[in-house]
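The following exercises concern one protein model and the ligand placed in it. Please study the sequence and the structure before reading each solution.

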Amino acid sequence: MTKINLKDLTYEELLSAIRELGEPKFRAEQIFKWLYKGAVSFDDMKNIPKTLKEKLMTDYCISKPEIAERLISNIDGTRKYLLRLSDGNYIETVLMKYKHGYTICVSSQVGCAMGCAFCASTRNGKIRNLSAGEIIDQIITVQNDIGERISNIVMMGIGEPLDNFDNVLKFLKNVNDERGLGIGHRHITVSTCGLVHNIIRLADMKLQITLSISLHATNDKTRSEIMPVNRRYNIEELLNACDYYIKQTNRRISFEYTLISGVNDNRTEAVSLGKLLKNKLCHVNLIPVNSVKETGFVKSDREKIEEFQKTVEDFGISATIRREMGSDINAACGQLRNKHINEG
Ligand code: SAH
């Protein structure tokens, strides 16, 4: 029987496991705290009796991803980690330092099934979902590595979070738990390419997270060409789901728009974007596309990007151009893992 990773349990699940072993409630709290303080083995749990540890070891384990590679940008200190999971798969995690603290960009799957044409993470398809504990582990591992606390999380690494809905929800619960990392939902962004059925489910949960929508085009023809998910849920359905999300949560949605030269960056498209998003509680993030060797897509000129921004802003929409972090270490997600898979 494969053992259950303790970090895959919510506090309540851990508590019922501890009760089943005939142990008092406070042990659950002690163990939960150890896990999130970065314990990587039962030995690390100093105030837990040996007898209880031995009982736990029969059915449970504590995951510990290995740092296979760590790249540190000379430009801005951004760190990119290639992590090796217990089954030998690799994922990427990126740490960025801002004035207000550290932001971590976590992966939610090994690979991705969504097939976006410009994205490196999806090139070899999806291998499997990450468990809640494996998503949490990225934060714990990086915190242990730098010896500091991380304050903000973006789910913009490898994978489509809403294609791994249950585990991502459990992750959001655990990361928020005061006994664990205690990171508030307002400090967490979940990014999706537009899985409408799960945007609606998420809306009904009324969490205070920030939802980020990868829009990247303003008409169905272009969007379907670069994002296959659009053939399943078109722009109209996606934007209706966004309106519902805003209505349910009262949270501002962030729309990501990756600018690709000659594909989606002309003035007509900026005007269409303005029209589509006018009067919505939203913000637009313009991202110069990160060239991925195999895709052939090229960044728009800076001037063009600024012009695009101005056109969108003229509709009364706030729009920023994403600062590129760690450009010297290939920080765009998926590229390090691909290099590793291909060069073995
Ligand atoms: N699957 C989710 C989250 C992961 S991708 C989503 O689609 O939102 C995080 C963001 O990076 C998305 O907006 C995605 O479209 C964007 N992205 C992917 N590849 C990129 C590239 N080569 N250049 C710029 N942005 C990219």
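**Exercise 1. Which contacts does the ligand make, and which residues surround the ligand?**

Solution. Begin with threonine 258: an N or O atom in its side chain is 3.4 Å from a nitrogen atom of the ligand. Such a polar contact is a pair of N or O atoms within 3.5 Å. The model is predicted; local features need pLDDT of at least 70, side-chain atom pairs count only at pLDDT 80 or more, and totals for chains, interfaces and linings use all residues. Residues are numbered from 1 along each chain as its sequence is written, and side-chain values use heavy atoms, with hydrogens and water left out.

Next, take glutamate 160, where an N or O atom of the side chain is 3.0 Å from a nitrogen atom of the ligand. At threonine 192, a polar backbone atom is 3.4 Å from an oxygen atom of the ligand. Finally, list the surroundings: 18 residues surround the ligand (each has a heavy atom within 4 Å of it). The closest are Phe118, Ser191, Ser214, His216 and Asn290.

**Exercise 2. How many salt bridges does a search of the whole structure find? Locate the partners of aspartate 137 and arginine 322.**

Solution. Recall the principle: side chains of opposite charge can pair when their charged atoms come close. A salt bridge is a side-chain nitrogen of Lys or Arg within 4 Å of a carboxyl oxygen of Asp or Glu. The search finds 20 salt bridges.

Step one: aspartate 137 pairs with lysine 7, and their closest N and O atoms are 2.6 Å apart. This pair links distant parts of the chain, 130 residues apart: aspartate 137 is in helix H4 (residues 132-146), and lysine 7 is in the loop between strand E1 (4-5) and helix H1 (11-20). Helices (H or I, at least four residues) and strands (E, at least two) are DSSP runs, numbered from the N terminus.

Step two: arginine 322 pairs with glutamate 256, with 2.5 Å between the closest N and O atoms. Here 66 residues separate the partners; arginine 322 lies in the loop between strand E14 (318-321) and helix H11 (335-343), and glutamate 256 lies in strand E12 (residues 253-259).

Step three: a network of salt bridges links Arg70, Arg79 and Asp145.

**Exercise 3. Is each partner of these two pairs buried or partly exposed?**

Solution. Apply the cut-offs: buried means under 20% relative accessible area, exposed over 50%, and partly exposed in between (1.4 Å probe, protein chains only). Aspartate 137 has a relative accessible area of 3%, so it is buried. Lysine 7 is buried as well, at 1%. Glutamate 256 is buried at 4%, whereas arginine 322 is partly exposed at 27%.

**Exercise 4. Which residues line the second largest pocket, and how do they divide by type?**

Solution. A pocket is found on a 1 Å grid over the protein atoms alone: it is an open set of points where a 1.4 Å probe fits, with protein on both sides within 12 Å along at least five of seven lines, and lining residues have an atom within 4 Å of a point. The second largest pocket has 11 lining residues, and Lys293, Glu294, Gln335, Asn338 and Lys339 lie nearest its centre. The lining comprises 2 nonpolar residues (Ala, Val, Leu, Ile, Met, Phe, Trp, Tyr, Cys and Pro), 4 charged (Asp, Glu, Lys and Arg) and 5 polar (the others, Gly among them).

Methods:
A residue is near a molecule or strand if one of its heavy atoms lies within 4 Å of it. A polar contact is a pair of N or O atoms within 3.5 Å; within protein, one must be able to donate a hydrogen and the other to accept it, and residues adjacent in sequence count only if both atoms are side-chain atoms.
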